[in-house]
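Thanks for passing this one along. Before you read my comments, please have a look at the sequence and the model for yourself.

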Amino acid sequence: MPENSLNAISWNDDETEAVVAEAEVQFLVFLCGSGLYGVDLLKIHEILKPLPVTRLPNVEEEVLGVINLRGNIIPVLDVLKTLRHEYAELHPTSRIVVCSVNDKSMGLLVDAVVEVVSLKESSIEGAELRGFSQEYLSGVGRTSDFIFLIFNLALLFKDRVAESEANLLEEGGEV
């Protein structure tokens with residue numbers, strides 16, 4: 001279940017029974033290649049137009065490099081390269097979605113930001129699909145218009161932020 005889930009309980013005076021109101025989770029939905037993906041809105045710090053990226057030596061090929069965002073060094077990950085092993089092309093709609101998990105930040109290069117979607121927790125389906133990468137994705141969200149895959153940012157960030165910081169320290173930069 002998502003971290004930001006809270007259930008509200010109210011009492012119906014007529015029948016004195018508890019009515020549980022299910023919490024909603026909001027996702028920022030974005031386009032990468034031909035797929036739609038979502039990230040918990042509470043983990044989004046900001047959305048930027050693409051900035052110049054400083055390449056880092058000896059990092060995974062999906063890590064494009066780092067950007068300087070108001071004095072903070074933020075690694076930038078090519079989401080399309082991570083998921084489909086294809087490099088993303090920059091378009092006028094391309095954006096860097098800066099996310100934070102456990103006080104660490106990372107930018108995700110995406111083709112376009114689509115919209116913010118609110119879903120009830122019960123409508124978020126698990127990632128039990130055959131051939132579905134549970135390494136980076138934690139579930140499937142569905143609206144009346146489209147279906148999108150939900151990123152598990154904690155797993156996506158786990159090794160990449162630490163690796164990017166180690167490379168910066170080896171080069172003599174500050175983190």
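Here are my points, beginning with a sheet and moving on to the aromatic rings and the cysteines.

1. A word on the source: this is a predicted model. Please read each point below with that in mind.

2. The sheet I looked at is an open one built from five strands. Their order across the sheet is 5-8-9-7-6, with mixed pairing. At the edges sit strand 5 (44–48) and strand 6 (63–69), and each of these pairs on one side only. On average, neighbouring strands here are turned by 30° against each other, if direction is ignored.

3. Within this sheet, do strands 7 and 9 run parallel or antiparallel? Strand 7 (residues 72–78) and strand 9 (residues 104–110) pair in the parallel sense, and three bridges join them. If you would like a residue to start from, take Val 76, whose bridge partner in strand 9 is Gly 107.

4. Now to the aromatic side chains. Searching the whole structure turns up five aromatic pairs. One of them joins Phe 30 and Phe 151: the ring centres are 6.0 Å apart and the planes meet at 15°, so this pair counts as stacked. The cut-off that matters here is under 30 degrees between the planes.

5. What does that pair connect? Phe 30 belongs to strand 3 (residues 24–32) and Phe 151 to strand 12 (residues 147–151), so the two rings tie together parts that lie 121 residues apart in sequence. Phe 30 is buried, at a relative accessible area of 0%, and Phe 151 is buried too, at 5%.

6. Phe 146 and Phe 148 form another aromatic pair, this one tilted, with 6.1 Å from centre to centre and 55° between the planes. Phe 148 is buried, with a relative accessible area of 0%. Phe 146 has a value of 16%, and because buried means under 20%, Phe 146 is classed as buried as well. Both rings also belong to a cluster, in which ring pairs link Phe 27, Phe 146 and Phe 148.

7. Finally, how many disulfides does the model contain? The count comes to zero, with the rule asking for two cysteine sulfur atoms within 2.5 Å. Two cysteines are still worth a look while you have the model open. Cys 32 is buried, with a relative accessible area of 2%, and Cys 99 is buried with a value of 0%.

Terms used
Residues numbered from 1 in each chain as written. Predicted model: local features only at pLDDT ≥ 70, side-chain atom pairs only at ≥ 80, totals over all residues. Heavy atoms only, no water. Pairing = 2+ DSSP bridges. Helix = DSSP H or I, 4+ residues; strand = E, 2+ residues; numbered from the N terminus. Axes fitted to C-alpha atoms, helices over the stretch in contact; angles between N-to-C directions. Phe/Tyr/Trp six-rings, centres within 6.5 Å; stacked < 30°, edge-to-face > 60°. Buried < 20%, exposed > 50% of the residue type's maximum accessible area, 1.4 Å probe, protein only.
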